[in-house]
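Student: Could you take a close look at the loops for me, and at what sits beside them? I'd like one connected walk-through rather than a list.

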Amino acid sequence: MFEPTVPPTPAPPAPLPAGRHVLAELTGVDAALLDDVDALRTALHDALVAAGAQVRQLVAEAFVPHGATVVALLAESHASVHTWPEHGSAHVDVFTCGTTADPERAVRLLAAALGATGTHLEVVTRGGPPAVVTEPISAGLTRRWALGAVHHRATTPYQRVLIADTAHGVTLFCDDERQSAEATQLVYHEALFVPAALLAARCERVLVIGSSEGVVSGLAVAAGATRVDHVDIDPDTVRACAEHLPYGYTPGELAAAERHEGPVHVHYADGREFVERSGAEYGDYDVIVVDLPDERPDEPGAQLNRLYAVDFLARCAQRLTDGGVVVSQSGSPALWRDATLRAAWSRFQEVFGADGVVYAGCDEHEWAFLCGTRPAPPDPVAHMQARLQALPVRPTSLDALTLRTRTVAPITLRKGIFPAAP
């Protein structure tokens, strides 16, 4: 009998070696130090060893009239420093395979040793299994995002930032939390801004706190604002968004806003301090937008929690013009993760009174927004619907009917009915 030959099952390919490649620019370094080859050798060697790398060889050369290059051969791969004393800057790259060495730590230590006043770094993952982001959703629950092309990966002084292709298009992650995605960002940002703009007596002066992408700034100008102050604590993230996201600021628009040319003025500052100290210089606002990552009650020391506190909300209320509105990203209405929304609802009612709080839901179902205003219109929904017709820009994702349906707060908020804890 004929016995067919069955080809052997090929063995799966061995996984590619995984490594991290950190590319960094150090600025504000003393020019003399950047010309001192011996000092540079020592600083690079010590930073690499302290970060867990094994230095096998070091090669250094000084150039005329100035500048130097130092290259380290590592057991894990390599590192290099190239200096421009005339600009007070150095370009650094550290590439390590495996897990024993931490290239980000090496760059941070080197920056400290050189006394750099500015450090901009990007982290590129090379090799290894397909990249994913595991996003925390609530206690015991996560969501996994499969990544395509990675456009930007960096660790700023405030957060880890990733911009990559996903099933939802180009997507922004901060500290592994999805912040916006190409497919749904307009739905999110219109739900955040448009109801507040319609509730406000005027929409000429707008303050935006957070919202790194710059979409809200553009919506505000389209809605008639003649002055938008956009405050964000993290310039590296704002600039990365402008460079890599297909929505929000373009690099040219951001550069003009940083120079305060045109209606949008970008300020790199702490949002709380800006609200507390800038009243005399910048005046009051018709709409104040607070658009931050979710509050983190399980991390009491998280910097962003300060911008969710009741005293900060009250200070924002004091910075409003007559008939002005504060709107804040307030968490999720889902029963299994609505603790931050319920906390925000309580704070808004404390500051604006029960009749001064308007709920705004979103077809990007994970989010809800709260608007606070004093005094509130007698019928906020009818007020918004009437003003929608006169809005200079026609929203893409909402109309008069969605204004009514989205502004019905969950019964858990309206009547304080909460499910029993498991």
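Tutor: One definition to get us going: strands here are DSSP runs of E with at least two residues, helices are runs of H or I with at least four, and they are numbered from the N terminus. Keep in mind that this is a predicted model.

Let's start with Pro65, which sits in the loop between β2 (55–62) and β3 (68–74). The peptide bond that joins Val64 to Pro65 is cis, with omega at about 10°. You'll find another cis bond further along, from Arg374 to Pro375, where omega is near -5°. Pro375 belongs to the loop between β19 (369–373) and α12 (380–388).

Now for some phi angles. Asp176 isn't a glycine, yet its phi is positive, near 70°. Look for Asp176 in the loop that runs between β11 (169–174) and β12 (177–181). How much of Asp176 is accessible? Its relative accessible area is 29%, so Asp176 counts as partly exposed, given that this class covers the range between under 20% (buried) and over 50% (exposed).

His260 tells a similar kind of story: its phi is positive too, about 60°, and it is no glycine either. His260 is partly exposed, at 33% relative accessibility. Its loop lies between α7 (251–258) and β15, so let's follow the chain into that strand, as the loop leads there.

Is β15 mostly enclosed or open? Four of the five residues of β15 (residues 264–268) are buried, so the rest of the structure largely encloses this strand. Its partner is β14 (residues 227–232), and the pair runs in the parallel sense over five bridges. To see how they line up, find Val231, which stands opposite His267 in β15.

Helix α6 (residues 235–244) makes a good next stop: seven of its 10 residues are buried, so α6 is largely enclosed by the rest of the structure. Among the buried ones are Asp236, Val238, Cys241 and His244.

Let's finish with one more loop, the one between α1 (31–34) and α2 (37–50), where you'll find Asp35. At a relative accessible area of 32%, Asp35 is partly exposed. Asp35 joins Asp36, Asp38 and Glu86 in forming a negative surface patch.

Note on methods. Residues numbered from 1 in each chain as written. Predicted model: local features only at pLDDT ≥ 70, side-chain atom pairs only at ≥ 80, totals over all residues. Heavy atoms only, no water. Buried < 20%, exposed > 50% of the residue type's maximum accessible area, 1.4 Å probe, protein only. Pairing = 2+ DSSP bridges. Patch = residues over 30% accessible without salt bridge, like charges linked within 9 Å, V, L, I, M, F, W, Y side chains within 5 Å. Areas by Shrake-Rupley, 256 points an atom, 1.4 Å probe, with all protein chains shown as cover. Salt bridge = Lys/Arg side-chain N within 4 Å of Asp/Glu carboxyl O. Lys, Arg positive; Asp, Glu negative; His and termini not counted. Charge placed at Lys NZ, Arg CZ, Asp CG, Glu CD.
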